[in-house]
Amino acid sequence: MLIKRSPNGLDLPFSSEITPRTVFEARRSFIRQLALGSIAGGALFEIANREAFAQGGLQKLGAKANPAYVVMDPPTAYKDATTYNNFYEFGTDKADPARSAGTLKPRPWSVTIEGEVKKPLTLDLDALLRLAPLEERIYRHRCVEGWSMVIPWVGFSLSELIKKVEPTGNAKFIEFISLADKKQMPGINSPVLEWPYVEGLRLDEANHPLALLCLGMYGEALPNQNGAPVRVVLPWKYGFKSAKSIVKIRFTREQPNTAWNIAAPSEYGFYSNVNPDVDHPRWSQASERRIGEDGFFAKKRKTLRFNGYNQVASLYAGMDLKKYF
Ligand SMILES: Nc1nc2c(c(=O)[nH]1)N[C@H]1C(S)=C(S)[C@@H](COP(=O)(O)O)O[C@H]1N2
Ligand SMILES: [Mo]
């Protein structure tokens, strides 16, 4: 089905020009149109691309929408996705990264891939951008704190990179290590976490096609506060698993340590799959607040198991997900 293009795309105004109330109404009518069937799946990409237009003024990334990853909710406004962030290297307040991450230098950049691989490799940013065709994927993004967003990311499956370095038979896990540079990152003077920020996955999780090596969002390079120039995005897990500004990827025999597990092991497990049935010790995980839908009458949304990505369920067959939280 063909959708007629208006300058703003389906009459959804640019988020930078509008008040929260108009956003709310535009979204409500958008959802109504979706329900009435007057907007087809492909139009969702249209919206994402419209919201992308030059808002960050960053390098444009030519990415092809991957129709396998469609979310039936409108993407979060670029403004919200880039000013409400967790990136503790730049401070612990949600507004800190947008304010302070200007000191991060995303170029030149290189990522070293080492450990249990036959072909260890160091790639600069341009080599990463050329490693596989860039795709746009619209993913739900659920933070362990109870809020969520919908973000059009740009990147390709992490498995493309894994394939290049040829893991040995001993490789069972993969570890992601973020940059830790005091000169660029004021937050690492604070002992709130151990630095560098580290995260990890089982190798079969990392090879799941949903696991994204991410180089951009909203059609452009990643803003610094979102983890420039390269991060991972693991949409079935809580947001903290998705390490930002990665400088090293290591293949290991043993399960790696992870930053939040080191900080509070009883609160943050290695798996951290989104699970409405397993509460955080200090709060429920049954529902979430969608950023951009806040307001007095905004209803909370029910959180979905694996954040709605049931295609990962077979990775955890036979595991007690209350024990392996
Ligand atoms: N290096 C690093 N990566 C990080 C974090 C961090 O503090 N440092 N925060 C995590 C958390 S808690 C979330 S919810 C997501 C936030 O990503 P976003 O700001 O792009 O929404 O990044 C994750 N990756
Ligand atoms: Mo988070």
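Is Gly57 buried or exposed? Select Gly57 and take a look: Gly57 is exposed, with a relative accessible area of 61%. Here buried means under 20% relative accessible area, exposed means over 50%, and partly exposed is in between (1.4 Å probe, protein chains only).

Before moving on, a word about what is on your screen. This is a predicted model, where local features need pLDDT of at least 70 and side-chain atom pairs count only at pLDDT 80 or more, while totals for chains, interfaces and linings use all residues. Residues are numbered from 1 along each chain as its sequence is written, chains are lettered from A and ligands numbered from 1 in the order in which they are written, and side-chain values use heavy atoms, with hydrogens and water left out.

**Stop 1: around Gly57**

Stay with Gly57 and colour by secondary structure. Gly57 sits in the loop between helix 2 (41–52) and strand 1 (64–65). Helices (H or I, at least four residues) and strands (E, at least two) are DSSP runs, numbered from the N terminus. Now add Glu220 to your selection: the two C-alpha atoms are 8.0 Å apart, although Gly57 and Glu220 are separated by 163 residues along the chain.

**Stop 2: the ligand**

Next, select ligand 1 and show what surrounds it. You should find 18 residues there, and the closest are Tyr88, Glu89, His141, Arg231 and Lys244. To be near, a residue needs one of its heavy atoms within 4 Å. That shell divides into 8 nonpolar, 7 polar and 3 charged residues. In this sorting, Ala, Val, Leu, Ile, Met, Phe, Trp, Tyr, Cys and Pro count as nonpolar, Asp, Glu, Lys and Arg as charged, and the others, Gly among them, as polar.

Zoom in for the polar contacts (pairs of N or O atoms within 3.5 Å; within protein, one must be able to donate a hydrogen and the other to accept it, and residues adjacent in sequence count only if both atoms are side-chain atoms). Try these:

- Tyr88: a backbone N or O atom is 2.8 Å from an oxygen atom of ligand 1.
- Asn86: a backbone N or O atom is 3.2 Å from a nitrogen atom of ligand 1.
- Lys244: an N or O atom of the side chain is 2.7 Å from an oxygen atom of ligand 1.

On its own, ligand 1 has 540 Å² of accessible area, and the protein covers 98% of that. Such areas come from the Shrake-Rupley method with a 1.4 Å probe; for residues, only the protein chains shown count as cover.

**Stop 3: Lys244**

Keep Lys244 selected. You'll find Lys244 in the loop between strand 10 (231–233) and strand 11 (246–252). What is the nearest side chain of opposite charge to Lys244? That is Glu89, 7.6 Å away, and Lys244 is buried yet has no salt bridge. For charges, Lys and Arg count as positive and Asp and Glu as negative; His and the chain ends are not counted. A salt bridge needs a side-chain nitrogen of Lys or Arg within 4 Å of a carboxyl oxygen of Asp or Glu. There is a polar partner, though: the backbone oxygen of Asn86 lies 2.7 Å from a polar atom of the Lys244 side chain.

**Stop 4: salt bridges**

By that rule, the count comes to 19 salt bridges. Select Arg107 and Asp126, whose side chains meet in one of them (3.2 Å, N to O). Arg107 is in the loop between helix 4 and strand 2 and Asp126 in helix 5 (residues 125–130), so the pair ties together parts that are 19 residues apart in sequence.

Then pick Arg250 and Glu175, another salt bridge at 3.2 Å, N to O. Since Arg250 lies in strand 11 and Glu175 in strand 6, this pair ties together parts that are 75 residues apart in sequence. Glu175 is buried at 11% relative accessible area, while Arg250 is partly exposed at 28%.

For a bigger group, select Asp73, Arg142, Glu288, Arg290, Glu293 and Arg301, which are linked in a network of salt bridges. Within it, Glu293 and Arg301 meet at 2.8 Å, N to O.

**Stop 5: backbone oddities**

Most residues other than glycine have a negative phi, and most peptide bonds are trans. Look at Arg107 again: a cis peptide bond joins Arg107 to Pro108, with omega about -10°. Trp195 and Pro196 are also joined by a cis peptide bond, with omega about -5°.

Finish with Asn307, in the segment after strand 13 (301–302). Asn307 is not a glycine, yet has a positive phi of about 55°, and Asn307 is buried, with a relative accessible area of 2%.
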